[in-house]
Amino acid sequence: MVDIVPILAGGGTRLPAHIGVLQALEDLHIDFSHIVGVSGGSIIASFYAAGLSIPEMKHIALTTNYNQFKGFSIVSLIRNGGLSSGDVFEQWVDNHLDGKTFNDLNCNLHIVATDVKTGRPVIFDRKRTPGMKVSLAVRFSMSIPLVFSFKKFGNHLMVDGSILSEDALHRDWAMDGTPVLCFRLRGEHEYDELKTDGMFPIINYVTLLIRTFMTTISREYINDAFWHNTIIINAGLSSAVDFGMSEEKKLELFDVGYQTAMEIVPMKAKL
């Protein structure tokens, strides 16, 4: 039996890939009592920590229409820094978690977001925020810039955790030397055109900017010091902000997450 701390990092709307990773870890008999979630990975990490089975998570991912989370309010963008408030998304997560707080979880869940004012990580878990609803922490971590509004938490101004540098994630999460294994989604640059004419071209301009930003973040160089415990999952042309993702594409992402983990995890575990 091998013990690790899996880090499900990034991904945006490509969360089925992380479900595939968890399925592979189960099939490989990889044990863990701590799990870390960042951005889209925080959704799946929270579901797992709350006791949802992998088939349940897969069903949720395949049947949920992500478009319900997308907003196109220019007023919200100007006032709060995002096209959508993120409230519908947060409520959706909370419903699936049955309103659980970090204290209610059986597994040690760590959710990572970014304080945009300092560029430093803000971590939510049983030790730091025991009575906090997990859905709120996921909302903070999943705050894709320009998509969801910035949200205050104490003196922090929260934004997506995926913009953090690697050393913010590669730490001793279990506090006992258990090695981490970070699963990062990497996307290719997309070339399908978005029309920038019409009455409100700013919407498509912002969409282009978000898509390019998230793809660039996912392709960030990996420091040699962290390569031995990082696994890259190639999401191809699947976008981190594809709110209209088809069921076929979701299944493809599940498969690539599963196959990549099945192939690479045994080799990394030896290291």
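Here is a short tour of this chain, from its overall make-up to a few of its residues.

The model is predicted, so to speak: local features need pLDDT of at least 70, side-chain atom pairs count only at pLDDT 80 or more, and totals for chains, interfaces and linings use all residues. Residues are numbered from 1 along each chain as its sequence is written, and side-chain values use heavy atoms, leaving out hydrogens and water.

## The whole chain

Let's start with the big picture. The secondary structure comes to nine helices and 12 strands; helices (H or I, at least four residues) and strands (E, at least two) are DSSP runs, numbered from the N terminus. Of the 271 residues in the chain, 54% are buried, where buried means under 20% relative accessible area, exposed over 50% and partly exposed in between (1.4 Å probe, protein chains only). A contact here means heavy atoms within 4.5 Å. Take the contacts between residues at least 6 apart in sequence: 77% of them join residues at least 24 apart.

## Two cores

A nonpolar core is a set of buried Ala, Val, Leu, Ile, Met, Phe, Trp, Tyr and Cys residues joined through side-chain atoms within 4.5 Å. The largest one holds 61 residues, and Phe 124 and Phe 183 touch the most other members. Helix α1 (residues 16-27) gives this core its largest share, six residues. There is also a second, separate core of 14 residues, with Val 112, Ile 123, Ala 174 and Cys 182 among them. Not counting residues up to four places away in sequence, Phe 183 has contacts that include Pro 6, His 18, Ile 231 and Val 265.

## A hairpin

Strands β6 (residues 108-115) and β7 (residues 120-124) run antiparallel and are joined by five bridges; two strands pair if DSSP finds at least two bridges between them. Asp 115 has Arg 120 in β7 as its bridge partner. Four residues sit between the strands of this hairpin, and Gly 119 takes a positive phi near 75 degrees.

## Three buried residues

The unreviewed UniProt entry lists Ser 39 and Asp 160 under "active site". They span 122 residues in sequence, yet no two of their C-alpha atoms are more than 5.8 Å apart, so they gather at one spot. UniProt positions are given in the numbering used here, with shortened feature names, and annotations may be inferred rather than shown by experiment. Leaving out residues up to four places away in sequence, Ser 39 touches Gly 10, Gly 12, Ser 141, Met 142, Asp 160 and Ser 162.

The table puts Thr 230 beside these two.

| Residue | Place | Relative accessibility |
|---|---|---|
| Ser 39 | loop between β4 (34-38) and α2 (40-49) | 0%, buried |
| Asp 160 | loop between β10 (156-159) and β11 (180-187) | 0%, buried |
| Thr 230 | strand β12 | 2%, buried |

## Helix α9

Helix α9 (residues 247-270) has 24 residues and reaches 35 Å from its first C-alpha to its last, close to the 34 Å expected at 1.5 Å a residue. That expected span is 1.5 Å times one less than the number of residues. A kink of about 35 degrees lies at Ile 264, shortly before the proline Pro 266; the bend at a residue is the angle between axes fitted to the seven residues ending there and the seven starting there.

Among the buried residues of α9 are Phe 254, Tyr 258 and Lys 268. The buried residues of α9 pack against elements including α1, β11 and β12 (230-236). Thr 230 and Lys 268 are 38 residues apart in sequence and 8.3 Å apart in space, C-alpha to C-alpha.
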